[in-house]
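Trainee: Hi! Could we go through this one together?
Mentor: Sure, let's open it up.

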Amino acid sequence: MTQEPFELVVERHGPTVLRVCRAVVGPGSAEDAWSETFLSALRAYPRLRAGSNVEAWLVTIAHRKSIDHVRAQGRRPVPTGELPDRGIFTGIPGGWERDLWSALKELPLKQRQTVAYHYLAGLPYADIAEIVGGTPEAARRAAADGIATLRRTYLNPQLERDRQGAAP
Amino acid sequence: MMTTQHTLDGGDLFVPLPEVDTEAQRRLHNRLAAAATKAGILDVAYRTVDTPLGALLLAATEEGLVRVAYGIQDHDKVLEQLASRVSPRVLRAPARLDLAAQQIEEYFAGRRTGFDLPLDLRLSAGFRRNVLTHLPEIPYGKTASYAELAAAAGHPKAVRAVGTACAMNPLPVVVPCHRVVRSDGTAGQYVGGTDAKKLLLTLEAAA
């Protein structure tokens, strides 16, 4: 069975996998997670079964690599107050590294993963359930909850502030 | 009411996260090529080099230069062949081909008459490979006929097979099949086209 050159896999799926890594592990570790994902994928590529869904395969690898980074982040002391200097990121000030990621990182990990795999990689919940465990219905619910929270905390931060301000 | 539909569509949330971050992709690609080389899993590295005959594709395994291809041979198709015949672990990774690219540039500038590169002849076998190993015996600026080369390869009657071996040379320019011409002195066929063959022979005659 003929496989296409791995270069085409990087070209075609690299950008989506980077979005997934960014959404799951954040700006500080996303490029490390991407690099580990594609190095691991390159190693295994000749053994990939013909007809496999390459993007789902890459997201599965990215999922495993990301978990290592999320765990490492959990072990590091939690930074208090402001985000680190934006200069270390390449994005524009106030870009995703700031507002979107600060909303994403407050989500439970499973919600962040299911949201990224469904809304960024476009995977169906049946595939996502195989990657994160549990049932497709549970994956669907986690993603819906994640999106609902993001709408509140990211798209309507003012509402969220009002809500918190109103809390006793 | 559209409310439910709207709630399920989360696409608008991720607008600030770029769909393609060209700068990051370039950085990550370089990092992948370096890591793959270090890990010994970059089976085929490739790049292109600009020449008076257009962009040439250069590809190398860990053993050496394995493929040179003209634009008319369709670089995408050549990469697919490398993926199926050598390994699908194919990446654009210029570093491994720096020396080859430099020597090819020097050759086209008339400053180099021979190539000093490790070659990987795995894409050629049997009699064709035998022919390829005799090609570098034709000196720079000289030509030999298909019949002479057949004799040199030990099969004086295999003139047509020599033509096929030249037509299927995986390493044109570097392994000088362009120096094999017809017995009547005309250039004859060439993988890069007859005009390319004439240009190479003119270049070598002038130097």
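Trainee: Which are the buried residues of H7(A)?
Mentor: Bear in mind that this is a predicted model. In H7(A), the buried residues are Ala139(A), Ala142(A), Ala143(A), Gly146(A), Ile147(A) and Leu150(A).

Trainee: Why might buried positions on a helix sit three or four places apart?
Mentor: An α-helix makes a turn every 3.6 residues, so residues three or four places apart point the same way.

Trainee: And what do the buried residues of H7(A) pack against?
Mentor: They pack against three helices of chain A: H4 (99–104), H5 (109–120) and H6 (125–132).

Trainee: What span should helix H7 of chain A have, and how far apart are its end C-alpha atoms?
Mentor: Helix H7 of chain A covers residues 136–155, and at 1.5 Å a residue its 20 residues should span 28 Å. The end C-alpha atoms are 27 Å apart, which agrees.

Trainee: Switching to the interface: how many residues of chain A are in contact with chain B?
Mentor: 35 residues of chain A are in contact, and on the other side are 33 residues of chain B. On the chain A side, helix H1 (6–25), helix H2 (30–44), H5 and H7 each supply at least two residues.

Trainee: Which of those gives the most?
Mentor: H1(A) does, with nine residues. By class, the side of chain A that touches chain B has 23 nonpolar, six polar and six charged residues.

Trainee: Now chain B. How many helices and strands does it have?
Mentor: Chain B has eight helices and six strands. From the N terminus, their order is α-α-β-β-β-α-β-α-α-β-α-α-β-α.

Trainee: Is chain B spread out or a compact globule?
Mentor: More spread out: its radius of gyration is 22 Å, well over the 17 Å that the globule rule gives for 207 residues, so chain B is not as compact as such a globule. Along the principal axes, its C-alpha atoms fill a box of roughly 85 × 35 × 35 Å. As for burial, 35% of the 207 residues count as buried.

Trainee: What domains does the assignment give for chain B?
Mentor: Domain 1 (24–108) and domain 2 (126–206). Taken over C-alpha atoms, 24 Å separate the centres of these two domains of chain B.

Trainee: How many residues does each domain of chain B put into the contact?
Mentor: Eleven residues come from domain 1 of chain B and ten residues from domain 2 of chain B. On the domain 1 side, strand S3 (residues 65–69) of chain B gives the largest share, four residues. By class, that side has nine nonpolar, one polar and one charged residues.

How values were computed
Residues are numbered from 1 along each chain as its sequence is written. Chains are lettered from A and ligands numbered from 1 in the order in which they are written. This is a predicted model: local features need pLDDT of at least 70, side-chain atom pairs count only at pLDDT 80 or more; totals for chains, interfaces and linings use all residues. The expected span of a helix is 1.5 Å times one less than its number of residues. A residue is buried if 20 or more other C-beta atoms lie within 10 Å of its own, exposed if 12 or fewer, and partly exposed in between; C-beta atoms are placed from the backbone. Two residues are in contact if their C-beta atoms, placed from the backbone, lie within 7 Å. Ala, Val, Leu, Ile, Met, Phe, Trp, Tyr, Cys and Pro count as nonpolar, Asp, Glu, Lys and Arg as charged, and the others, Gly among them, as polar. The radius of gyration is taken over C-alpha atoms; the globule rule is 2.2 Å times the number of residues to the power 0.38. Domain bounds come from an automatic or database domain assignment.
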